[in-house]
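Thanks for coming. I will go through one structure today, starting with its pockets, then a patch on the surface, then the salt bridges.

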Amino acid sequence: MAGLVPPGNPTATLGEEAALAAKKIDEVGKKVDYMNLPCPIPYEELHREALMSLKPELFEGMRFDFTKGLNQKFSLSHSLFMGPTEIPSQSLGTVKIPIAHYEFGANFIDPRLMLFGRVLTDGRLNARLKCDLTDDLTLKANAQLTNEPHMSHAMFNFDYKGKDYRTQLQLGNGSFFGANYIQNVTPHMSLGGEVFWAGQHRKSGIGYAARYETDKMVATGQAASTGMVALSYVQKVSEKVSLATDLMYNYMSRDVTASVGYDYILRQARLRGKIDSSGCASAFLEERLSMGLLFILSAEVKCTMSYKALLPASGTSASSITELFYWCAFTFISHILEMCFYK
C-alpha cells in the first residue's frame with residue numbers, strides 16, 4: 001500500500017466533469033424559438049447554389065460584353081456575339097448555323113426600382129422591371145417582343161415577404177396563373193409548394209419542394225405532377241471552393257440525368273466546371289480585367305458513345321449505371337480537392 005500514489009484532487013475532477021455534462025445537457029435541451037425563424041429564400045431560387053456551379057452561361061464562338069456607367073444609377077451596355085447556333089433537324093439531329101448579332105442595353109438601378117432593357121439586331125426587345133411597392137411587397141415583370149407571331153410573351157410576379165415565409169403570385173399571357181409558398185419550419189429547413197394553370201394549353205400542375213441549409217452544405221429536393229423530380233446538393237469545401245451535384249428524373253419518360261461540378265472563386269476570376277452522365281464535360285472561366293470589362297472562356301466536350309452500349313447482358317439498368325457514375329464522380333472530385341487544399 002505504501003507504493004500507491006493517491007490522486008491529486010478527485011473532487012475538482014468530478015466537479016469539472018459534472019459542469020461539462022450540465023453544459024451539454026443545456027445545449028441539447030435548448031429549445032428553438034419557432035416564433036422567430038428566419039425568412040427563407042424565394043421559391044424559384046431553391047437550387048440557386050447548384051445552378052451557379054452547374055449551369056454557367058456556356059457559349060461557342062466569340063462574345064464581347066462592355067458596360068459603361070454614366071452616373072450612380074444609369075449605365076449602358078454593349079454586347080457582340082459571333083458563333084454558331086443549333087437548329088433541330090429531323091435527318092441529322094442538330095445543325096449548326098453561324099450567326100452574329102449586336103445587343104444594346106440600358107440599365108437603371110435604384111434602391112427601390114430597377115429597370116433593364118435590351119435591343120438586338122434581329123428585332124428582339126427584352127425588358128425587366130423590379131419595383132419595391134412596400135418593404136414587404138415587390139413587383140417583378142419581364143417581357144420579350146419579337147417579329148415572329150405568337151412568340152412574344154410577358155410575365156408579372158407579385159412577391160410578398162413575411163417574417164418566416166414568402167409567397168408569390170404569377171400572371172402571364174396565354175391565361176397563365178401560378179402561385180407558390182415557402183415556409184421555414186426549422187432554422188435550417190424550409191418546405192414549400194406551387195400550383196399553376198396554363199389556360200391556353202389547358203394544363204395544370206402542382207409541385208412540392210424542400211430545402212435544408214447549413215454553413216457548410218445546401219440540399220434541395222423538388223417534385224411536380226408533371227413528372228419531374230429534381231435533387232441537388234452543394235458542399236462548401238472552403239470559402240472559395242464548393243462542390244455541386246444534381247439529379248434530374250422524369251418518372252413518366254424514365255429519363256435520368258446526373259451531373260457533378262465545382263466552383264472555384266479567385267481574387268479576380270471565377271472557374272466553374274462540370275461533367276454529366278451523358279458524357280459532356282464543360283468549363284467556364286470569367287476574369288475581371290477592369291471595372292465593367294470581363295474576359296470569358298467557355299469550353300464544352302461531348303462524348304458521342306452512349307454508355308447504354310456498355311451495359312452487361314445480365315440486365316443491369318441504365319439508371320443504375322447513372323447512379324454509379326454519379327457517386328463515383330462526386331467522390332473522385334471530393335478527394336482531389338481535399339488533397340489540393342488540405343494537404
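What volume does the largest pocket have? Before the answer, please keep in mind that this is a predicted model. The largest pocket has a volume of about 1,600 Å³. It is lined by 39 residues, and the closest to its centre are E57, R63, D65, F284 and I296. You can find them on your screen now.

Next, where the lining comes from. The elements that give two or more residues to the lining of the largest pocket are β1, β2, β3, β4, β5, β16, β17 and β18. The most comes from β2, which gives 7 residues. By residue type, the lining of the largest pocket has 13 nonpolar, 10 polar and 16 charged residues.

Now the second largest pocket. About 620 Å³ of space lies in it. Here 35 residues make the lining, and H47, Q222, M228, A230 and M248 are the closest to the centre of the second largest pocket. Several elements give two or more residues to this lining, among them α2, which covers residues 48-54, and the strands β9, β10 and β12. β13 gives the most to the lining of the second largest pocket, with 5 residues. The split in this second lining is 18 nonpolar, 11 polar and 6 charged.

Let us move to the surface. Which residues make the nonpolar surface patch? They are M62, F64, F66, L80, M82, Y102 and F104, and the patch comes to about 570 Å². Three strands each give two or more residues to the patch: β1 (62-69), β2 (74-89) and β3 (93-109). The largest share, 3 residues, comes from β1. One residue of the patch to look at is F64, which lies in strand β1. F64 has a relative accessible area of 41%, so this residue counts as partly exposed.

The last topic is salt bridges. Side chains of opposite charge can pair when their charged atoms come close. The count for this model is 14 salt bridges. I will show three pairs and one network.

The first pair on my list is D110 with K73, where the closest N and O atoms are 2.8 Å apart. What does this pair tie together? D110 lies in the loop between β3 and β4, and K73 lies in the loop between β1 and β2, so the salt bridge ties together parts that are 37 residues apart in sequence. K73 is partly exposed, at a relative accessible area of 41%.

Then there is K140 with D159, a salt bridge at 3.2 Å from N to O. K140 lies in strand β6 and D159 in strand β7, so this pair ties together parts that are 19 residues apart in sequence. Are these two side chains buried or exposed? K140 has 22% relative accessibility and counts as partly exposed. D159 has 12% relative accessibility, so D159 counts as buried, since buried means under 20%.

The remaining pair is D263 with R270, with the closest N and O atoms 2.6 Å apart. D263 is buried, with a relative accessible area of 4%.

Finally, the network. Salt bridges link E45, R48, E49, R211 and E213. That is the end of my list, and I can take questions.

Terms used:
Residues numbered from 1 in each chain as written. Predicted model: local features only at pLDDT ≥ 70, side-chain atom pairs only at ≥ 80, totals over all residues. Heavy atoms only, no water. Patch = residues over 30% accessible without salt bridge, like charges linked within 9 Å, V, L, I, M, F, W, Y side chains within 5 Å. Areas by Shrake-Rupley, 256 points an atom, 1.4 Å probe, with all protein chains shown as cover. Salt bridge = Lys/Arg side-chain N within 4 Å of Asp/Glu carboxyl O. Helix = DSSP H or I, 4+ residues; strand = E, 2+ residues; numbered from the N terminus. Buried < 20%, exposed > 50% of the residue type's maximum accessible area, 1.4 Å probe, protein only. 1 Å grid on protein atoms, 1.4 Å probe; cavity = no way out; pocket = protein on both sides within 12 Å on 5 of 7 lines; lining within 4 Å. Points joined across faces, edges and corners; volume = space filled by probe spheres on them. Nonpolar A, V, L, I, M, F, W, Y, C, P; charged D, E, K, R; others polar.
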